[in-house]
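Biologist: Please take a close look at the buried interior of this model, with the pairing of strands and the packing that go with it. I would like the cut-offs stated wherever a term depends on them.

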Amino acid sequence: MTDLPVHASVVVIGGGVMGCSTLYHLAKAGISDAILVERNQLTSGTTWHSAAQVRALRSTKNLTSLIRYSIELYAGLEAQTGQHTGWINKGSLSIATTEDRLIHIKRQAALAKLYGVRAQSIDKDEVKEYWPHMNTDDVIGAVWSPDDGRVSPTDLCAALTKGARSRGARIFENTAIEGILTRYGTIVGVETDRGTIKCDAVVLCAGLWSRALGVMAGTLVPVWPCEHFYLLTEPLEGISGNLPTLSDHDGHLYIRDDSGGLLVGCFEPLGKSISADKLGPDFAFQLLDEDWDHFEPMMRNAMHRLPLLESARVKMLLNGPESFTPDGSFLLGESTEVRNLFLGCGMNSIGVAAAGGAGMALAHSIQYGHMPMDLHEVDPARFPSVWSSAELLAARVPEVLGSHYEITYPGRQWTKPRHLQVSPLYDDFGRESTHFGQIFGWERPLYTGKSTRHELTFGKPQWHENVAREVHAAHNAAAIFDLSSFGKIEVEGVDACKFLNRVCTGQMDSQSNRAIYTSMLNDRGGIESNFIAVRLEPDRYRLYVATAAIRKDLSWLERNLCDSENVNLFNATELYSVIGLAGPQSASIARALGVETLNELEYFEFSHVKISQCPTLALRVSYVGEAGWELTCLANDAREVYQNLHRLGAQPAGLYAQNSMRIEKRYLAYGYELDSQISPLEAGLGFTVDWSKDFIGKQALLAQRDAGVQNRVVSIVFDDVNAVPLGDEPVQQRGKMIGKTTSASFGFRIGAPIALAVIDKLPNQMEELLVKVDIGGQLFSGRVLTKPAF
C-alpha cells in the first residue's frame with residue numbers, strides 16, 4: 001500500500017462523483033499535489049447506483065450554467081482521457097397532464113431560452129414520436145430538451161480520476177478519516193487510520209457521511225439520507241437502442257431505457273429517511289431492502305403511462321440511500337465556521353448532473369478565493385444552526401425528496417418541522433388568523449385574516465384581498481410589521497469605525513443619530529451584502545441585515561477582520577425585536593404614546609425613547625415607502641410595545657404586503673435584485689458609495705465608473721391588470737431577450753401588476769421602454785421605469 005504524503009495542498013474526502021470531479025479540476029488548475037482520500041473504494045456509497053440523469057435546466061441561470069458545464073465536460077472527457085464515460089445524449093421529454101403542470105414546464109422552457117438552453121414546447125401528438133409506447137390519453141402538452149442525456153457513473157469517475165492522476169494528483173482508497181485538524185478556526189490537516197496529513201484545505205465530498213465529518217471539524221453540514229427507489233426490468237419487446245429520458249412528474253416518475261429493458265424511478269410524495277448511523281461505516285456497495293408496499297403506487301402510475309410494463313419481468317427493485325438538505329439544494333462552498341474547509345455534498349439526487357460544474361466551482365474557489373459566479377442558492381451559510389439536529393433533519397428530508405417533482409407554486413411552504421424559531425410577537429399575530437412562512441428557521445407572518453386552507457395557484461392568489469387590506473392600512477392608516485427576525489450584528493471596539501469603513505462602501509464615521517445605508521463588496525465590486533447600520537456609541541455599531549444573511553454576513557465580517565484591529569463581533573439577533581410602524585396615522589400614534597419627538601426625526605435619523613416604559617430605538621426608515629419608524633426594543637419588551645401600537649389602531653400586516661410595497665418603491669432585496677455579481681453602480685445604488693475613502697472593491701468600482709456602467713435594475717408596470725408575474729420570467733424587447741424579472745407582485749397603490757427586473761442588454765433609451773414578459777408561455781406587455789413606480 002502506497003504511503004500517505006506528509007503534506008498536500010488540498011485533501012478531498014470522498015471518492016464519489018463530487019470528490020472525483022473536484023480532484024480532477026484541482027489537478028487541471030495546476031494543484032498537482034492534491035489528493036483524494038476514500039474510506040472504501042471509488043464510487044461507493046451513492047454514486048455507483050445513481051440513475052445518472054443529466055438535465056441542464058435548473059431554477060437559476062448560474063445553477064443551469066454549472067450543469068451545462070457538466071454536459072460539455074462529460075461529452076468530451078473520453079476524447080481527453082481515453083476512458084469511456086457512457087455519455088448518451090438523447091434528450092429529455094417532460095410531459096404535463098394538468099393545466100398547472102403545463103404552466104410549470106412552460107415557465108421552465110421560457111427560462112431555458114433565456115439561459116441559452118435548447119427547449120421547445122410540443123403538443124401531445126408529437127409526444128408519441130419520442131416515446132411510441134406511451135399512453136398519452138391524459139397528456140395535454142410537453143417540453144422537449146434535446147441537449148440532456150445520461151452517463152455511466154462508474155465510468156465517469158474512472159475518467160475523472162484518470163485525468164486527475166495524469167496531472168499528478170493521487171488517490172488513497174481504504175483510508176478512513178478519523179479527525180479534521182484546525183488551528184484558530186483554520187484547516188491545518190486530517191487524521192486518518194493510516195496517519196496524519198498536513199494540508200492547506202479540505203474538501204468534504206463524503207455524501208451520506210458528510211454531516212458526521214462536519215461535526216469533527218466543528219461546522220454545520222445539514223445533510224440526511226433518504227431511501228431512493230428505481231425498478232429495472234428484463235429486456236422488453238419494442239425497446240431497442242436509446243430513448244430520451246421521460247419525465248412524468250405528475251406521476252412522480254422518471255423513465256428511461258436500460259439494456260433493452262426499462263429503468264423506472266420515482267420521487268414519491270413522501271420519502272423514507274434513514275440514519276447514516278444505521279447504515280454504518282462499512283456501507284459501501286450494499287443496497288437497502290426492497291419495499292414493494294412503498295413502491296406499489298408509483299408502479300401503478302408507471303403502468304398507466306407505459307402499459308407494456310404490465311407484462312414486464314422485473315430484474316430488481318433497487319433501493320439505495322441518497323443525501324438531502326433541508327431545502328432541496330446542495331451545499332457548495334467554504335464553511336462559515338472553519339476557514340479553508342469546503343463543502344460539496346448533500347446533492348439531493350442530482351450529484352452526477354451537477355458534479356462536473358460543481359467540482360469546477362469548488363476548485364476555482366480554492367484557487368482564487370471565490371466562486372466563478374454567484375451561487376448563493378447553494379451557499380452553506382444559508383442554513384441556521386438549528387439544522388444541526390438529527391431529529392429535525394430526519395423529519396424534513398422525506399418531504400424534500402417528495403418536493404423534487406412538485407409544481408413550484410408561489411407561496412409553497414414546508415409543512416414540517418416548523419416553529420424552529422418564533423418571534424415574541426408570534427402569539428399576537430396568531431390571534432389575527434395569520435398565515436406564517438418559514439424563513440431561515442423563523443416563522444414570519446405572511447398575511448393576516450386567513451379563514452380557509454388556501455389552494456396554491458399560478459393565478460391570482462387566494463390571499464390577494466387579505467394583502468390588499470394590509471396595504472390599505474399601511475397607506476391610509478397605520479400597519480405593524482414584525483421584523484424581529486432581521487439579523488442584528490453588533491460591531492464593537494476602538495477600531496470598529498475604521499474596520500467598517502474598510503469593509504463598507506458608505507461613510508461609517510457618521511453623526512451619532514444618523515443611520516447609514518451601505519453595502520459590503522467583494523474585490524470584484526459585487527455586492528456581498530447590503531444593510532442599514534446605526535452608530536450606537538462612538539465605538540459601537542449595530543448592523544441590521546437580512547434574515548437569511550446572518551451567518552453569511554457575520555462570517556464575511558470575521559474573515560475580513562485584521563489581526564491588528566481591536567473589534568468584537570456579536571450576533572444579537574435574538575436579544576432584540578424590531579417592529580415596523582408605517583402609515584400616515586403613525587404620527588398621531590406617536591403623540592398618543594408620548595413620544596411625539598419622533599415626528600421631528602428626518603429620514604434615516606434615529607432616537608432613543610421609551611414606549612410604555614420600554615427602552616426603544618426608533619429609526620425613521622421604511623421598507624414599504626410610508627411614513628413611520630422601525631422600532632427596536634428588547635425581545636422581552638416586544639409584546640408590550642406591540643400591544644400599545646395595536647391598541648391605538650395600528651393593524652398587523654405581513655411579508656406579502658411588505659413585498660408588494662417595497663417593489664412599488666424599487667427597494668432592492670438580496671438574492672433577488674442583488675447578489676455578488678452585480679455592483680452598486682449596476683443596481684442604482686451609487687448614492688451609497690463614499691468615493692473619498694478606501695474600501696474593499698473600490699478599484700473594481702472605479703473601473704466600472706470610468707467605463708460608464710449604467711443602472712440595470714428597473715421597474716416594469718404591466719398593462720394587463722390580470723397579469724400575475726411571479727419573478728424569474730424572461731423580459732423581451734422587439735423579440736429579443738434582454739433580461740428577467742427578479743421580484744413581482746400586484747401593486748395595490750398603483751393598481752397594476754409590477755415587477756423588478758435586471759436587464760442584461762441595455763437599450764439606448766430605458767425610460768418608458770415597451771417590453772413583453774413571458775409568464776408561463778404567455779406574453780404580457782409592460783413599460784419600463786428607471787425610478788420607483790410609486
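Modeller: What follows begins with one strand, goes on to the nonpolar cores and a buried arginine, and ends with an open sheet.

This is a predicted model, in which local features need pLDDT of at least 70 and side-chain atom pairs count only at pLDDT 80 or more, while totals for chains, interfaces and linings use all residues. Residues are numbered from 1 along each chain as its sequence is written, and side-chain values use heavy atoms, with hydrogens and water left out.

Strand S4 covers residues 92-96, and five of its five residues are buried, so the strand is largely enclosed by the rest of the structure. Here buried means under 20% relative accessible area, exposed over 50% and partly exposed in between, with a 1.4 Å probe and protein chains only; helices (H or I, at least four residues) and strands (E, at least two) are DSSP runs, numbered from the N terminus. In a regular strand the side chains alternate between the two faces of the sheet. In S4 both faces are covered, with Ser-92, Ser-94 and Ala-96 buried on one side and Leu-93 and Ile-95 buried on the other.

Two strands count as paired if DSSP finds at least two bridges between them. S4 runs antiparallel to strand S6 (residues 141-145), to which five bridges join it, and Ser-94 has Val-143 of S6 as its bridge partner. With strand S13 (residues 245-248) the pairing of S4 is parallel, over three bridges, and there Leu-93 stands opposite Leu-246.

A nonpolar core is a set of buried Ala, Val, Leu, Ile, Met, Phe, Trp, Tyr and Cys residues joined through side-chain atoms within 4.5 Å. The largest has 65 residues, and those touching the most other members are Val-10, Val-54, Leu-66, Phe-330, Leu-332 and Leu-375. Elements that each supply at least two residues of this core include strand S1 (7-13), helix H2 (61-81), helix H3 (99-114) and helix H9 (351-368). H9 gives the largest share, 10 residues. Leaving aside neighbours within four places in sequence, Phe-330 is in contact with residues including Leu-63, Leu-66, Met-347, Ile-350 and Val-378, where contact means heavy atoms within 4.5 Å. Apart from this core lies another, of 46 residues, among them Val-37, Ile-177, Cys-226 and Leu-392.

Helix H3 also holds Arg-107, which is buried with a relative accessible area of 16%. Once neighbours within four places in sequence are left aside, the contacts of Arg-107 are Phe-458, Leu-726, Gly-727, Asp-728, Glu-729, Ile-775 and Gly-776.

Further along the chain, six strands form an open sheet of mixed pairing, in the order S29-S30-S31-S28-S22-S32. Strand S29 (606-611) and strand S32 (651-653) stand at its edges, each with a single partner strand, so one side of each is left without a neighbour in the sheet. The twist averages 30 degrees from one strand to the next, with axes being lines fitted to C-alpha atoms, for helices over the stretch in contact, and angles running from 0 to 180 degrees between N-to-C directions. Within this sheet, strand S28 (residues 576-582) pairs with strand S31 (residues 628-634) in the antiparallel sense over seven bridges, and Ile-579 stands opposite Leu-631 in S31. Helix H16 (residues 638-647) lies across strands including S28 and S31, running at about 10 degrees to S28.
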